[in-house]
Amino acid sequence: MKRKKLKSLNEKADKISQNIEAEILKNVYNFSNIFSTYAELFLGLEASLTYEKLGGDKYRFYPVIDGTTRTTEEELSESQRFFIDHSFRLSVLSFFYNEPSFYIVETPDSSLDIAYERNAADVFLYFLKKPYSLIITSNLNNSEFLNYLTSA
């Protein structure tokens with residue numbers, strides 16, 4: 001009796017997983033476009049997301065930067081990893097946008113390459129175009145990131 005119930009529950013779980021996967025597949029293009037806006041502001045390069053089974057049996061989102069699919073974090077600098085992650089998170093908030101929301105982040109200025117400071121500020125400023133709020137914490141340092149963010 002327990003095996004039959006377990007089998008039935010596993011079949012239900014598989015069906016739910018398949019439905020979720022189908023919904024994600026239907027929306028990859030739209031979600032990738034949102035991600036592109038944030039990631040390209042930061043990187044200054046063409047960026048998108050792909051949703052594929054690369055190196056495994058499960059679908060996953062992978063960033064595609066300047067035409068190259070990045071399957072591991074080692075294929076990105078520390079600054080790029082940080083902002084690809086934040087671009088993804090900001091994309092999730094934007095994709096599901098129904099009403100004003102907020103995002104809490106500790107500034108990445110200590111790990112940002114100097115060349116990316118202005119771009120990083122531009123990503124957060126773009127996010128603020130919708131009626132979102134941004135809560136930022138920062139350590140004092142010589143970074144220009146906060147100056148770029150507050151002077152806009």
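**Exercise 1. Find how many aromatic pairs the whole structure holds, and classify two of them.**

Solution. A search of the whole structure finds 16 aromatic pairs. Rings of Phe, Tyr and Trp (its six-membered ring) pair if their centres lie within 6.5 Å; planes under 30 degrees apart count as stacked, over 60 as edge-to-face and the rest as tilted. The rings of Tyr38 and Phe127 have centres 6.5 Å apart and planes at 50°, so this pair is tilted. Tyr38 belongs to helix 1 and Phe127 to helix 3, so the pair ties together parts 89 residues apart in sequence. Phe95 and Phe96 form an edge-to-face pair, with 5.0 Å from centre to centre and 85° between the planes.

The model is predicted: local features need pLDDT of at least 70, side-chain atom pairs count only at pLDDT 80 or more, and totals for chains, interfaces and linings use all residues. Residues are numbered from 1 along each chain as its sequence is written, and side-chain values use heavy atoms, with hydrogens and water left out.

**Exercise 2. Decide whether Tyr38, Phe127, Phe95 and Phe96 are buried or exposed.**

Solution. Buried means under 20% relative accessible area, exposed over 50%, partly exposed in between (1.4 Å probe, protein chains only).
- Tyr38 has 3% relative accessibility and therefore counts as buried.
- Phe127, at 1%, counts as buried.
- Phe95, at 26%, counts as partly exposed.
- Phe96, at 57%, counts as exposed.

Phe95 and Phe96 also belong to one aromatic cluster with Phe31, Tyr51, Tyr59, Phe61 and Phe88.

**Exercise 3. Compare the span of helix 1 with that of a straight helix, and locate its bend.**

Solution. Helices (H or I, at least four residues) and strands (E, at least two) are DSSP runs, numbered from the N terminus. The expected span is 1.5 Å times one less than the number of residues. For 42 residues a straight helix would span 62 Å, but helix 1 (residues 2–43) spans only 53 Å between its end C-alpha atoms. Helix 1 bends by about 55° at Asn27; the bend is the angle between axes fitted to the seven residues ending there and the seven starting there. Just after helix 1, Gly44 has a positive phi of about 75°.

**Exercise 4. Describe the surroundings of Asn119.**

Solution. Asn119 lies in helix 3. With a relative accessible area of 18%, Asn119 is buried. Its side chain reaches the backbone oxygen of Phe42 at 2.6 Å. Not counting residues up to four places away in sequence, Asn119 touches Leu41, Phe42, Leu43 and Gly44, where contact means heavy atoms within 4.5 Å.

Note on methods:
A polar contact is a pair of N or O atoms within 3.5 Å; within protein, one must be able to donate a hydrogen and the other to accept it, and residues adjacent in sequence count only if both atoms are side-chain atoms.
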